[in-house]
Amino acid sequence: MLRAKKRGWDDILLDIFVYSFLIALIIVTLYPFLNTLAISLNEGRDSIKGGIYLWPREFTTFNYESLLTDPQIFHAAGVSIARTVLTTVFGTFLTAMLAYVISRKDFVLRKFITFIYVLTMYVQGGLIPTYFLYQRLGLTNNFWVYVLPGLVAAFNLIIVRTYINGLPESLIESAKIDGASEFTIFLKIILPLSKPVLATIAIFTAVYHWSAWWDVFLYNSSNPALSTLQYELMKVLASANSMSGSMQQALSNSAQAAQITPRAIRATMTIIVTVPIAVVYPFLQRYFVHGLTLGGVKE
Amino acid sequence: MKKSGDTFWQKLWKQKALVLMSLPFIIYVIIFKYVPLWGWLMAFQNYWPGNSFFNQTWVGLENFRLLLTDPVFFEVLRNTLAMSLIKLLSGMFFSILLALVLNEVRFAKFKKITQTISYLPHFISWVVGANLVMNALSTDGGIVNDVLLNLGIIDSPIMFMGIPKLFWWIVGASHVWKTVGFGAILYLASIVSISPSLYEAAVIDGASRLQRIRYITLPALKPVIIILLIINVGRLMNMGFQQIYLLSNGRVIEYSRIFRIFELDYGLKMMRYSFATTAGIFRSLVSIVLVFSANQIAKMMGEERLI
């Protein structure tokens with residue numbers, strides 16, 4: 001066997017490098033999360049003393065209890081979930097529908113539609129004109145500004161179209177002979193067959209909307225009823241960033257029961273928004289790996 | 001039946017079902033993506049929202065002159081390009097390195113677990129990311145200061161986030177932290193598609209593992225690297241606005257203010273709408289020039305092109 005040849009020193013050095021690199025990567029990736037988890041489970045005023053690494057010193061679930069019972073946080077979680085679910089479901093369905101239409105090689109408007117969508121990846125109106133447009137459309141101070149503008153994104157459209165192009169055309173032909181309408185062909189044949197690629201773009205969409213805070217900040221920041229979890233976290237972060245230590249101390253003294261500190265709030269919120277994603281993504285790996293190579297290499 | 005003789009309108013009528021299905025999408029994209037382009041005209045006006053669009057003062061290229069002579073213009077341009085380049089190059093370097101390293105792992109289970117962990121930062125928002133970075137660099141119990149103190153390298157904690165010259169590198173490092181695992185996916189996919197017979201032949205010729213990486217794997221990655229470079233060169237003016245916005249603070253503004261932050265400050269905060277729109281147009285124009293130049297260079301080098 002070729003493998004049986006004796007290992008040279010460079011071979012051994014390479015192995016040492018490979019495994020130490022990967023172990024360092026694991027530590028650097030996970031430590032910030034584990035440290036934040038430990039702080040979120042530690043008594044707030046005790047955390048200020050520092051020295052908490054991977055394990056809480058004075059264990060408490062108080063931080064979670066007070067945040068999860070806070071009506072503002074609770075409401076923001078509802079808005080986050082609503083926008084994520086709505087855009088993922090409708091966006092994925094609509095993207096698939098348009099992708100089917102522009103995958104039809106005989107369709108006269110196919111090139112035109114593809115072009116006007118792809119161009120949006122490179123040319124954008126910019127902050128101010130977009131803001132004025134949304135204002136005109138009544139989308140400022142409005143929940144639907146989270147859903148409508150991002151329903152069909154060019155990048156996702158191209159990924160799905162590439163996938164549908166790969167499906168056998170005879171399926172559509174025989175359905176047509178059976179008298180099926182275009183919409184029926186899409187709904188009954190194309191949609192079920194495209195499940196893997198739709199799962200991919202659903203993941204991308206869901207992660208994007210769960211993480212979004214920028215549109216909240218720009219269009220809806222005056223209305224607390226439309227805030228999302230990420231925006232609440234962003235506000236805590238921004239105030240921590242601009243405040244001096246004594247101000248933080250004063251704030252934490254006035255905070256409820258004087259037990260929850262800004263640092264504890266930040267850590268706990270971080271864990272609350274991270275856990276749903278961290279629990280789900282490992283099981284969806286084959287979908288996003290597949291989608292990424294489909295969109296990146298074949299395009 | 002004269003199939004090919006149909007005029008455009010006859011074809012359109014025959015395909016009315018498809019037209020009907022796509023019409024809402026055409027209207028949708030025009031409203032949400034193309035109507036704002038019309039707003040570009042604001043750059044040639046002294047726009048004031050109180051007046052109607054046609055009742056504005058037209059000022060020609062005055063806003064462009066103001067932009068190019070603004071005292072912080074070159075600082076903003078420098079910060080935008082410098083941070084994007086640092087992020088682009090370091091991000092690619094570490095993603096390629098990670099893909100090469102993962103490819104050398106012989107224990108499938110360890111490889112799988114490491115990959116899964118490496119994807120995690122990609123899935124969190126920059127709000128969470130910035131939060132974690134600031135925690136790690138904080139002066140009260142941040143891990144970086146604690147390690148440096150315990151090793152005796154420093155005597156008192158350093159306020160990393162307050163040092164202007166350090167800001168670019170904090171942005172670069174946190175970018176690598178967040179993107180390295182996900183970025184490696186594409187390179188790893190290309191490595192997997194390299195024909196095994198190439199490696200077998202190299203082994204017979206007595207090539208070491210390092211030599212196989214140097215002479216087979218790296219050259220095979222060249223096309224992907226070039227495509228990704230072209231795509232990202234077009235994004236140099238737009239890269240990672242949220243990250244920089246969230247990490248920056250008043251003490252480091254000279255090194256953190258990029259175009260989109262500049263537009264936000266002048267546009268929404270100072271209400272100089274026309275001026276901010278001009279800055280946005282400038283950014284788009286530079287992006288277009290960059291992506292076409294990169295495309296052209298790739299063409300001259302005989303590589304695959306994007307457009």
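This is a short tour of chain B and of the places where chain B meets chain A. Keep in mind as you look around that the model is predicted.

**Stop 1: chain B as a whole**

Start by selecting chain B and colouring it by secondary structure. You should find 14 helices and 2 strands. Its radius of gyration is 25 Å, well over the 19 Å that the globule rule gives for 307 residues, so chain B is more spread out than a compact globule. Now turn the chain slowly: along the principal axes, its C-alpha atoms fill a box of roughly 75 × 70 × 35 Å.

How much of chain B is buried? Of the 307 residues, 53% are buried. If you display contacts within chain B between residues at least 6 apart in sequence, 67% of them join residues at least 24 apart.

**Stop 2: where the two chains meet**

Next, show chain A too, and select the residues of each chain that touch the other. Your selection should hold 87 residues from chain B and 93 residues from chain A. Together, the two chains bury about 8,300 Å² between them, with 74% of that area on carbon and sulfur atoms. On the chain B side, click on B:Met21, B:Phe25 and B:Phe123: these lose the most area to chain A, together 9% of what that side buries.

**Stop 3: charged and polar partners**

Which side chains meet in a salt bridge here? Select A:Asp15 and B:Arg106, whose side chains come together at 3.0 Å, N to O. The count of salt bridges between chain B and chain A is 3, and 23 residue pairs are in polar contact.

Now select helix 2 of chain B, residues 16-38. This helix gives 16 residues to the side that touches chain A, the largest share. Colour that whole side by residue type and you will see 57 nonpolar, 19 polar and 11 charged residues.

**Stop 4: B:Val127**

For the last stop, zoom in on B:Val127, which sits in helix 6 of chain B, residues 126-137. Is this residue buried or exposed? B:Val127 has a relative accessible area of 0%, so it counts as buried.

Show its neighbours, leaving out residues up to four places away in sequence. From chain A, B:Val127 touches A:Trp213, A:Gln230, A:Leu233, A:Met234 and A:Leu237; from chain B, it touches B:Leu246.

To finish, draw a distance line from B:Val127 to B:Asn63. The two residues are 64 residues apart in sequence, and their C-alpha atoms lie 34 Å apart in space.

How values were computed:
Residues are numbered from 1 along each chain as its sequence is written. Chains are lettered from A and ligands numbered from 1 in the order in which they are written. This is a predicted model: local features need pLDDT of at least 70, side-chain atom pairs count only at pLDDT 80 or more; totals for chains, interfaces and linings use all residues. Side-chain values use heavy atoms; hydrogens and water are left out. Helices (H or I, at least four residues) and strands (E, at least two) are DSSP runs, numbered from the N terminus. Buried means under 20% relative accessible area, exposed over 50%, partly exposed in between (1.4 Å probe, protein chains only). Contact means heavy atoms within 4.5 Å. Buried area is the accessible area (1.4 Å probe) that two parts lose on being put together, summed over both. A salt bridge is a side-chain nitrogen of Lys or Arg within 4 Å of a carboxyl oxygen of Asp or Glu. A polar contact is a pair of N or O atoms within 3.5 Å; within protein, one must be able to donate a hydrogen and the other to accept it, and residues adjacent in sequence count only if both atoms are side-chain atoms. Ala, Val, Leu, Ile, Met, Phe, Trp, Tyr, Cys and Pro count as nonpolar, Asp, Glu, Lys and Arg as charged, and the others, Gly among them, as polar. The radius of gyration is taken over C-alpha atoms; the globule rule is 2.2 Å times the number of residues to the power 0.38.
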